Amino acid sequence: MKILVTGGAGLVGSHTAEYYAKKGDEVIALDNLMRSNLFGYNKESVEFNWNYLAQFDNIKRIKGDVREESDVMKALGNGVDAVIHTAGQPGVPLSMKIPKEDFSINAYGTLNVLECVRKTCPKAAFVYCSTNKIYGENVDQISLEEEETRYVYKSKKGVSEELSVDLTGHTPYGASKYTGDIYTQEYGHMYGMKTAVFRMSCIYGTRQFGFEDQGWVAWFVIANLTGQDIIIYGDGKQVRDLLYVDDLVEAYDKFINSDIKHDVFNIGGGPRNTTSLLEFIGLVEQKTGIKFRKIEHKSWRPSDQKVYISDISKVSKALGWKPGITVEKGLEKLIEWVGANNKFFI
Ligand SMILES: NC(=O)c1ccc[n+]([C@@H]2O[C@H](COP(=O)([O-])OP(=O)(O)OC[C@H]3O[C@@H](n4cnc5c(N)ncnc54)[C@H](O)[C@@H]3O)[C@@H](O)[C@H]2O)c1
């Protein structure tokens, strides 16, 4: 198979590229390495992942922008069998500061890639990395109960694809990602392309350069191991379902190899892989044996969902998939990786 991975230097993209390279497929990774610039991050970030991919002879790396037709066309060449579109501006707080750039990357960039695929290889499978943020504050209509270390849903296991995405606040990030989401669906409906929208909750894994504004799971581990302070926005009882990145890539692959024409899936660790911030802090301290240097508390961030747990029954049934890596196992892998690479974080 020949596969284009956009955002190939990112967390999801680099793991996707590695997965297919190891299977012996021909991979093209497209990335303009803008993550470091976007976040004004002066330490090594996507460059690490970009260089990591160089070890695979069957990954061709192309520096280019998903918003540039010529760059995407160059990456597609005579056509590919699948496109996994992970390139994006993934930061919620950043989207509030730079809404136009956020839109151009997440919304226009996605439309541009879809259109290039339609022109070049309309039979290719197309995977879009959407997000739980497209449901916005509607998630907060679900009744909650407060327990000692977390909020819990009163009578629900998780959020299904049926929840309304309308008539609520989303943040610019939620809005731009939803634009990409709806266009991906449209290219399935209107042009008959094989498309999947994966509405992802919290994805984490090795080679995740998390920091305070994006990638909190990795950030907490990095901060713990390198003695940096963390801030909790809100009371720390907010809950997320965590999905280890390798499990996510497996679901993409199952879709690509399925007979499904086009669909939308909520995906995350599901009800068995949840944690609150407070619980996660405790787990990190227990696994590393190191106390966080300082934990500061600040007020809630706009549109921060108190509990988001994916209902993964649709994706599990459609693709015969379930998460294989527990939060504890995934955290151990992350701790090992950060520990071995902590020179990048100090
Ligand atoms: N990580 C999560 O928890 C999560 C959850 C839900 C959705 N998502 C979505 O999944 C996707 C991947 O997330 P990630 O965590 O791997 O993010 P990431 O920042 O690690 O990777 C994104 C990559 O896209 C690249 N990129 C950005 N703009 C580009 C452009 N214009 N042209 C080419 N490349 C560009 C960046 O340089 C980076 O390498 C994003 O679209 C994000 O919105 C992520």
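**Close-up views of the predicted model**

**View 1. Residues around the ligand.** In this predicted model, 28 residues surround the ligand, and of these Gly7, Gly10, Leu11, Gly88 and Cys129 come nearest. Two or more residues of the shell are given by each of the elements helix H1 (11-22), helix H6 (99-120), strand E5 (125-131) and strand E9 (202-204). Helix H1 gives the most to this shell, contributing three residues. Sorted by class, the shell around the ligand comprises 14 nonpolar, nine polar and five charged residues.

**View 2. The surroundings of Cys116 in helix H6.** Cys116, which lies in helix H6, has 22 other C-beta atoms within 10 Å and is therefore buried, the cut-off for this class being 20 or more. Leaving aside residues up to four places away in sequence, Cys116 touches Glu69, Val72, Met73 and Leu76. For Cys116 and Glu69, which stand 47 residues apart along the chain, the separation between the C-alpha atoms is 7.0 Å.

**View 3. The crossing of helices H10 and H12.** The axes of helix H10 (residues 277-288) and helix H12 (residues 327-340) come within 11 Å and cross at roughly 60°, and the two helices are therefore oblique to each other. The crossing of H10 and H12 is right-handed. On the H10 side the contact is made by Leu283, Val284, Lys287 and Thr288, and on the H12 side by Leu331, Glu332 and Ile335. By class, the residues of this contact between H10 and H12 divide into four nonpolar, one polar and two charged.

Methods: Residues are numbered from 1 along each chain as its sequence is written. This is a predicted model: local features need pLDDT of at least 70, side-chain atom pairs count only at pLDDT 80 or more; totals for chains, interfaces and linings use all residues. A residue is near a molecule or strand if its C-beta atom, placed from the backbone, lies within 6 Å of it. Helices (H or I, at least four residues) and strands (E, at least two) are DSSP runs, numbered from the N terminus. Ala, Val, Leu, Ile, Met, Phe, Trp, Tyr, Cys and Pro count as nonpolar, Asp, Glu, Lys and Arg as charged, and the others, Gly among them, as polar. A residue is buried if 20 or more other C-beta atoms lie within 10 Å of its own, exposed if 12 or fewer, and partly exposed in between; C-beta atoms are placed from the backbone. Two residues are in contact if their C-beta atoms, placed from the backbone, lie within 7 Å. Axes are lines fitted to C-alpha atoms, for helices over the stretch in contact, and angles run from 0 to 180 degrees between N-to-C directions. Angles under 35 degrees count as roughly parallel, over 145 as roughly antiparallel, 65 to 115 as roughly perpendicular and the rest as oblique. A crossing is left-handed if the near helix is turned anticlockwise from the far one by less than a right angle, and right-handed if clockwise.
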